[in-house]
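Trainee: I am new to this structure. Please pick one part, look at it closely, and show how the rest bears on it.

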Amino acid sequence: QFYKIYTTLSSLCFASRARQLLLARLSAIILEKKQDGKTTMPYTVYLKKGEEKRILGGHSWVYANEVQKIEGKDKNGALAEVRAHDGRFIGKGYINHLSKILVRIFIRGKEEDGEALYMKRIAAADTARKKLLSDRCYRMVFAEADDLPALIIDRYGDYLVMECLSLGIDQRKKMIAECLSE
């Protein structure tokens, strides 16, 4: 979101002083989002007692009926932090209030969401498939199995087909496509 604003501001023909002021304000907004060196999450989702067991066992979906409370506010598709009822960190994923699957967790540690994460996971998935298959037509990324919930990428020779099955992934399809082209 901030990147879009920054690139838009940079491309506009403002007088250099006006552009400097706007970019300084944008930097201040970004710094306000930081807390103790970490970017704060717009959403924090707390699960009901006992609901974390399945997720800690490796399942990535958080259903809306498993949630005790949600703190924070942003738009659908934003990154949300998921915590157990007692505040223990469980993971991060994209939130969608319009779906029965409220959050699809894909970060369970200290990794940061972004291009580097997608490039790493897509490359790992592709390498694993190449070890098993000699064909040039295969499912390169298989969503949850490759720690990229709701993302499917098929390879057909020199062509790649991407299917986005959640709002959060769909909002990032341009970035994912750029990762695939590299």
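Mentor: Start with a yardstick. A residue is buried under 20% relative accessible area and exposed over 50%; in between, the residue is partly exposed. Keep in mind that this is a predicted model.

Try the yardstick on aromatic rings. The whole structure holds three aromatic pairs. Trp61 and Tyr63 make an edge-to-face pair, with centres 6.1 Å apart and 85° between the planes. Tyr63 has 27% relative accessibility, so it is partly exposed. Trp61, at 24%, is also partly exposed.

Now the pair that leads to our chosen part, helix α4. Phe106 and Tyr118 form a tilted pair: 6.3 Å centre to centre, with 40° between the planes. Phe106 sits in strand β8 and Tyr118 in helix α4, so this pair ties together parts twelve residues apart in sequence. Phe106 has a relative accessible area of 5%, so it is buried. Tyr118 has 0%, and that makes it buried too. Tyr94 joins in: ring pairs link Tyr94, Phe106 and Tyr118 into a cluster.

Next, the helix itself. Helix α4 covers residues 115-132, which is 18 residues. How far apart should its ends be? At 1.5 Å a residue, the expected span is 26 Å, and the end C-alpha atoms are 26 Å apart, so the two agree.

Which residues of α4 are buried? They are Leu117, Tyr118, Arg121, Ile122, Ala125, Asp126 and Arg129. Look down the helix axis. The buried residues fall within an arc of 150°, so they line one face of α4. Turn to the other side. There, Ala116, Lys120, Lys130 and Lys131 are exposed.

What covers the buried residues? Strands are part of the cover, including β7 (89-95), β8 (101-107), β9 (137-142) and β10 (151-156). Helices α5 (167-171) and α6 (173-181) also belong to it. Recall that β8 carries Phe106, the ring partner of Tyr118.

Stay with the residues of that cover for a moment. Arg139 lies over the face of Phe142, at 5.3 Å from the ring centre. Elsewhere, Lys69 lies over the face of Tyr46, at 4.9 Å from the ring centre.

Last, the cysteines. Cys137 is partly exposed because its relative accessibility is 39%. Cys179 is at 7%, so it counts as buried. A search of the whole structure finds zero disulfides.

Definitions and conventions:
Residues numbered from 1 in each chain as written. Predicted model: local features only at pLDDT ≥ 70, side-chain atom pairs only at ≥ 80, totals over all residues. Heavy atoms only, no water. Helix = DSSP H or I, 4+ residues; strand = E, 2+ residues; numbered from the N terminus. Expected span 1.5 Å × (residues − 1). Buried < 20%, exposed > 50% of the residue type's maximum accessible area, 1.4 Å probe, protein only. Arc of directions from axis to C-beta. Contact = heavy atoms within 4.5 Å. Disulfide = S-S within 2.5 Å. Phe/Tyr/Trp six-rings, centres within 6.5 Å; stacked < 30°, edge-to-face > 60°. Lys NZ or Arg CZ within 6 Å of the ring centre and 35° of its normal.
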